[in-house]
Amino acid sequence: VVVLMLDEVMSKGYGIGSGISLFIAVNICENILWKAFSPMSIQTEQGTEYEGAVIALFHLLITRPNKISALQQAFYRSGYANINSLLATVLVFLVVIYFQGFRVDIPIKYQNVKANE
């Protein structure tokens, strides 16, 4: 419902971009949130784990007696979302937001036109 309302606002000219870009962004955000907080359990060789990286981190810290090994497994587990990939996604997101605020002025000079300085 919220996505449809945002699409309507953007199609009336109040936003930047198109409705298609909005749906792509919502889909990517949904995938990131699902991979971070998914409560689905998975049977692995080490036992029951959770699909979501954050939930798996807390589950491993609570259930494993060796906390260092649990942290290592949560940060570097393969085949499923891990904390490293989540932190890398957040870092890229913050860097893009930071660079989006930059403004670069490039002076253009023509030989036939006097520059206003």
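For these notes I count a polar contact as a pair of N or O atoms within 3.5 Å; within protein, one atom must be able to donate a hydrogen and the other to accept it. I'm working on a predicted model, so I only trust local features at pLDDT of at least 70.

**Entry: Asn82**

I applied that cut-off to Asn82 straight away. A polar atom of the Asn82 side chain lies 2.8 Å from the backbone nitrogen of Ser85. I also checked Asn84, and its backbone nitrogen lies 3.3 Å from a polar atom of the Asn82 side chain. Both distances fall within 3.5 Å.

Where does Asn82 sit? I found it in the loop between α4 (67-76) and α5 (83-100). Buried or exposed? Asn82 has a relative accessibility of 13%, so I put it down as buried. I then skipped its neighbours within four places in sequence and listed what else Asn82 contacts: Ala53, Ala74, Phe75, Tyr76 and Arg77.

**Entry: the Arg77 pair**

Arg77 was on that contact list, so I looked it up next. Arg77 makes a salt bridge with Glu49, and the closest N and O atoms are 3.1 Å apart. Arg77 is in the loop between α4 and α5 while Glu49 is in strand β2 (residues 47-50), so the pair ties together parts 28 residues apart in sequence. I checked burial as well: Arg77 and Glu49 are both buried. How many salt bridges does the count come to? I get one.

**Entry: Tyr80**

I stayed in the loop between α4 and α5, where Tyr80 is also found. Tyr80 comes out as partly exposed, because its relative accessible area is 34%. Not counting residues up to four places away in sequence, Tyr80 touches Ile42 and Thr44. I also took a C-alpha to C-alpha distance from Tyr80 to Ala56: 10.0 Å in space, for 24 residues apart in sequence.

**Entry: the core**

Which residues make up the largest nonpolar core? I listed seven: Ala53, Leu57, Leu60, Ala70, Ala74, Ala81 and Ile83. Helices α3 (53-63) and α4 each supply at least two of them. The most come from α3, which gives three residues. I picked Leu60 for a closer look. Leaving out neighbours within four places in sequence, Leu60 contacts Ala70, Gln73 and Ala74. Two names link back to my Asn82 entry, since Ala53 and Ala74 are among the Asn82 contacts and also belong to this core. In soluble globular proteins, nonpolar side chains tend to be buried together.

**Entry: the surface patch**

Not every nonpolar side chain is tucked away here. Leu91, Val95, Tyr98, Phe99 and Phe102 form a nonpolar patch on the surface, with about 550 Å² of accessible area together. I looked up Tyr98 on its own. Tyr98 lies in helix α5 and counts as exposed, because its relative accessibility is 54%.

**Entry: the whole chain**

I left the overall numbers for last. The secondary structure comes to five helices and two strands, and from the N terminus on I read the order as α-α-β-β-α-α-α. Of the 117 residues in the chain, 20% are buried. The chain exposes about 9700 Å², and carbon and sulfur atoms supply 65% of that. For contacts with a separation of 6 or more, I get 22% from residues 24 or more positions apart.

Key
Residues numbered from 1 in each chain as written. Predicted model: local features only at pLDDT ≥ 70, side-chain atom pairs only at ≥ 80, totals over all residues. Heavy atoms only, no water. Helix = DSSP H or I, 4+ residues; strand = E, 2+ residues; numbered from the N terminus. Buried < 20%, exposed > 50% of the residue type's maximum accessible area, 1.4 Å probe, protein only. Contact = heavy atoms within 4.5 Å. Patch = residues over 30% accessible without salt bridge, like charges linked within 9 Å, V, L, I, M, F, W, Y side chains within 5 Å. Areas by Shrake-Rupley, 256 points an atom, 1.4 Å probe, with all protein chains shown as cover. Salt bridge = Lys/Arg side-chain N within 4 Å of Asp/Glu carboxyl O. Core = buried A, V, L, I, M, F, W, Y, C linked by side-chain atoms within 4.5 Å.
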